[in-house]
Each structure stands twice: as C-alpha cells, then as structure tokens.
Amino acid sequence: MKIVTKAIEILKNPICDNCLGREFSELLSGYSNEQRGKVIRQFIGFLIDSDEKVEVDLSNFYGIKFRNVKIKPQRPKKCKICKNFFQEKIDKVVEKIREKIKGIEFNTFLIGSIILDEMVKAQENVWAKVGIEYVEPIKSEINRELGKRVEKLTGKKFDLKNPDVTVLVDLNTDSIRTQVRSLYVFGRYQKFARGIPQTKWICPKCKGGGCTYCNGKGKLYPTSIQEIIEKPLLKVVKAKKSKFSGAGREDINARCLGFRPFVIELIKPIRRKIDLKKIEKQISRSKKIKVKGLKFTGKDLIRKLKTARIDKTYSTKVEFKKKIDKNKLKKLKDLLKEPILQKTPLRVVHRRTDKFRRRAVKKISWKILGNKKLQLKIRSESGLYIRELITGDEGRTQPNIADLLGNKVKKIELDVIKIHEK
Ligand SMILES: [Zn+2]
Ligand SMILES: [Zn+2]
C-alpha cells in the first residue's frame, strides 16, 4: 500500500500526530513519531487544498488554514488510538513517576508499561487496514516518550540493559511501581573468632519468628559474618536485607585467617553512592572479623564465586585420646596417594543428600605439640570435609587420619590459613 493511501485510510478517524507518525515509524531517522505525523498530516492537507478528492475526517485538519477550498475543520474528538494520551496524559504520568522516585539515588533507569487494552485493540484495527510494514507498537513509544521526559526532568540516563531503577507504569490502574536494582559489594574477609556461621542462621523451627528452641531470637547464633558485614552497609544504603555468598562454606567453629572472597547483595538500596573504605574500617572494628578490598561488583560474580574450585590450607591442633605413636606419623603421607572417599558427614547428612565425594589432599605436614597433641597443616581440594578427614566419621571417610594413626580423636581446633585463589 502506498504511503499516501495508508495515510488517507488512517485519517478517516480522528488521530493524533504521534499515532499517525507511529504507523511510519521505520521511515526516516532522526524524527519523533509526532514529527512524522505532523509532516504527513500537512501533506494530506496540501492534497485537500489542491482540491483532490480525499475521503478523511476533516477534524484531523483542525488548525490548518486552507487557502483554496472552503473548509474550516472542527475541533477533533479524542485520538482513536491513544485517546489523547500523548497530548493530555503523559505529563501527568511523568509527574507521578517523579514523585515515586524522589529520594531514590540512581544514575540509570528504565521504564516499562502496561497499557490499556482499548489502545492495543484500536491500534490493531488500524493495522488490519493498512498493514504493519513500518509500524511501531504504541507501548514502545509510550515507554520511550516517558523515558525521554524523565531523562529531561531528572538528568538521569535511560538504560535498557542494567538500570538502577525500573519504573513500571500501569495505565489500567493508574499506578506506578519501582524496582531498585541490588547493589553488589565484593570483598575478602578474615574471621578471628569461633562459633560464628557465615550467614544468618534462621531458626528452623520458627523460621525467624522466635520460639522456645531459639530462645525467642529467631536465629541459632547471636551473629554471623553476614550480619557483621551487612550492618554498616545496610545502614548507609538504607536497605533492609542482604544476601551473602562466600567462596566456600565456613565451618562455624573454625577461624578463617586466610582471606575469603565474598559478595554481599544489598537488596533495594535507597542510596548507591557510598564510601566503601569507611565501611571497611567500620566492619573491621568488630574484632571478630576483618574485611579488605571492598568494591562494587556485578551479580555474575556470585555464580563464579560459588562454582570456583579453590584449594584451602588448614592448620589444625588435634588432641588424641591415646599417646601418639610417632612411628605411624609418616603414614599420613598415604593421604596424598589417592583421593579421599567421603560419604556426606553424619553431622550434616540430615540436611544434605547422602552421597560419596572424592577430594584430594595435596599437602600434609605435622608437628608434635605433646604426647597426645599434634599440629597438622593440610592443603586440600575444595569441598573436602576436613574434620571428617581427621576423625574418620565412623568410617564414612576413607582413608582418614585417626585410622592411620590408630588413635581416636578427642578434640579438633581448626583454622583456615589460606584460600588459594586462582
Ligand atoms: Zn493518538
Ligand atoms: Zn525459633
């Protein structure tokens, strides 16, 4: 269908410049649909003024002065497609958006919308007549035009890929929702105290509500790495929740003297510009942990962190039940010969699948601390259960140190001294 024929067909109903131009959206660059619509409308006006017989709704030419034909168009009814959204409503929506995002700190944003069914239907009726060759859907124009205005109003940038704030406009309910992108902070921590889990350990009985099992605390440990690190962060970004991911699980009762990488996600932050150096100092004041190298990162690092296979070196003081047989100590080197076969430890089997895993011990050395006391330094592959390597876990870990030494373990004091990042 020729452009002129199409334009005349569309102009049989009252139509605004935006909705007219949008049917020719893919023609010429550098114009808004409104500008395209205006040009086409004027061109059809030329035809009418030169007395060509075109059958259109003349109210579409309201405000245009004809020179040769005696026509004085009446004020048009509302645009058949958008019901004058672009002329009368859009600024009100923009004002509402401004209200809604006031107080949120962001640099980039995206706008999405749910538009009225009647708009979509009216648009499709036009397409049924003129085809869809150069058209753009009304929804994408609304999103873009809202975006342009909000950009102008706030000085912030429209960003399709990674917006800080996503604004969702629902024209059916006249409501606006916002989604604020999480902030991700990467860093490395050391843990100097025992009895601290990596993440907040919510009480399994009450799910955090507080019950007799947890003494009304809602959690099983007074604090965690996550809670110590999140505290000053949540405060400055004015958020309520975080998610914590560390490189490898933390043994609650082991210290972590090597620096362990982590990412903390701050959910729905109101502020985004924060001084991480200052936060670093605040966290490290806790004495229980220390953090270094805090920096902003992306979500994708979490997956990398969780799937990274990182060797660890442990230092452990082991107290045995009987006197240590020194002649047997060199047998510990047997652990390096082939991977250790471990069934899921008894202490965790109630919450994890019972299966076998094979993990290598890469280095082992020892120092006698007393008749019954041994210090061991062990480098192992990621995922090896180190306590079970020492105790044997009732035969579930093979080979194991207790069996090799023919001695039962009384007590283990465990420290992670190095995390071997690649
Ligand atoms: Zn319209
Ligand atoms: Zn509880």
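How many bridges join β1 to β2, and do the two run parallel or antiparallel? Two bridges do the job, and the strands run parallel. Everything below comes from a predicted model. The tour starts with the sheet that holds this pair, moves to the helices that lie across it, and then takes in two helix contacts, some other strands and a couple of loop residues.

**The four-stranded sheet**

- The strand order is β2-β1-β3-β4, in an open sheet with mixed pairing.
- The edges belong to β2 (157-158) and β4, and each has a single partner strand, so one side of each is left without a neighbour in the sheet.
- As general background, strands of a sheet pair through backbone hydrogen bonds, either parallel or antiparallel.
- T108 sits in strand β1, which covers residues 108-114.
- Across in β2, T108 has K157 as its bridge partner.
- Not counting neighbours within four places in sequence, T108 is in contact with K156, K157, D159, N162, P163 and D164.
- Is T108 buried, exposed or partly exposed? It is partly exposed, because 16 other C-beta atoms lie within 10 Å, and a residue needs 20 or more to count as buried.
- T166 is 58 residues from T108 along the chain, yet their C-alpha atoms are separated by 8.8 Å.

**Helices lying across that sheet**

- Helix α6 lies across β1, β2 and β3, and runs at about 145 degrees to β1.
- Helix α4 lies across β3 and β4, with an angle of about 40 degrees to β4.
- Which residues of α4 (85-101) are buried? They are F85, F86, V93, V94, I97 and I101.
- The cover over those buried α4 residues includes α2 (17-22), α6 (138-154), β3 (165-170) and β4 (175-180).
- In general, an α-helix has 3.6 residues a turn, so residues three or four places apart point the same way.
- Just past the end of α4, G103 adopts a positive phi of about 95 degrees.

**Two helix contacts**

- The axes of α7 (residues 225-237) and α8 (residues 276-284) come within 9 Å and cross at roughly 140 degrees.
- That angle makes α7 and α8 oblique to each other, because only values over 145 degrees count as roughly antiparallel.
- The α7/α8 crossing is right-handed.
- On the α7 side the contact uses I228, I229, P232, L233 and V236, while α8 brings I279, Q282 and I283.
- By class, the α7/α8 contact residues come out as seven nonpolar, one polar and no charged.
- For α1 (residues 3-10) and α5 (residues 117-130), the axes come within 10 Å and cross at roughly 145 degrees.
- α1 also passes α5 in a right-handed crossing.
- K6, E9 and I10 of α1 meet V126, K129 and V130 of α5.
- The mix in the α1/α5 contact is three nonpolar, no polar and three charged residues.

**Other strands**

- Three strands line up as β11-β10-β14 in an open sheet with antiparallel pairing.
- Here β11 (356-359) and β14 (397-398) are the edge strands, each with a single partner strand, so one side of each lacks a neighbour in the sheet.
- Strand β10 (residues 340-343) is joined to β14 by two bridges, and the two run antiparallel.
- L341 has its bridge partner in β14, namely Q398.
- β12 (residues 361-368) and β13 (residues 373-380) pair in the antiparallel sense over seven bridges.
- How many residues come between β12 and β13 in their hairpin? There are four.
- Within the β12/β13 pair, S365 has K377 of β13 as its bridge partner.

**Loop residues**

- L116 is in the loop between β1 and α5.
- With 15 other C-beta atoms within 10 Å, L116 is partly exposed.
- Beyond its neighbours within four places in sequence, L116 is in contact with L171 and N172.
- G406 is in the loop between α11 (401-405) and β15 (409-420).
- G406 counts as exposed because it has 12 C-beta neighbours inside 10 Å, and the cut-off for exposed is 12 or fewer.
- Leaving aside neighbours within four places in sequence, G406 is in contact with D325 and K328.

Definitions and conventions:
Residues are numbered from 1 along each chain as its sequence is written. Chains are lettered from A and ligands numbered from 1 in the order in which they are written. This is a predicted model: local features need pLDDT of at least 70, side-chain atom pairs count only at pLDDT 80 or more; totals for chains, interfaces and linings use all residues. Axes are lines fitted to C-alpha atoms, for helices over the stretch in contact, and angles run from 0 to 180 degrees between N-to-C directions. Angles under 35 degrees count as roughly parallel, over 145 as roughly antiparallel, 65 to 115 as roughly perpendicular and the rest as oblique. A crossing is left-handed if the near helix is turned anticlockwise from the far one by less than a right angle, and right-handed if clockwise. Two residues are in contact if their C-beta atoms, placed from the backbone, lie within 7 Å. Ala, Val, Leu, Ile, Met, Phe, Trp, Tyr, Cys and Pro count as nonpolar, Asp, Glu, Lys and Arg as charged, and the others, Gly among them, as polar. Two strands pair if DSSP finds at least two bridges between them.
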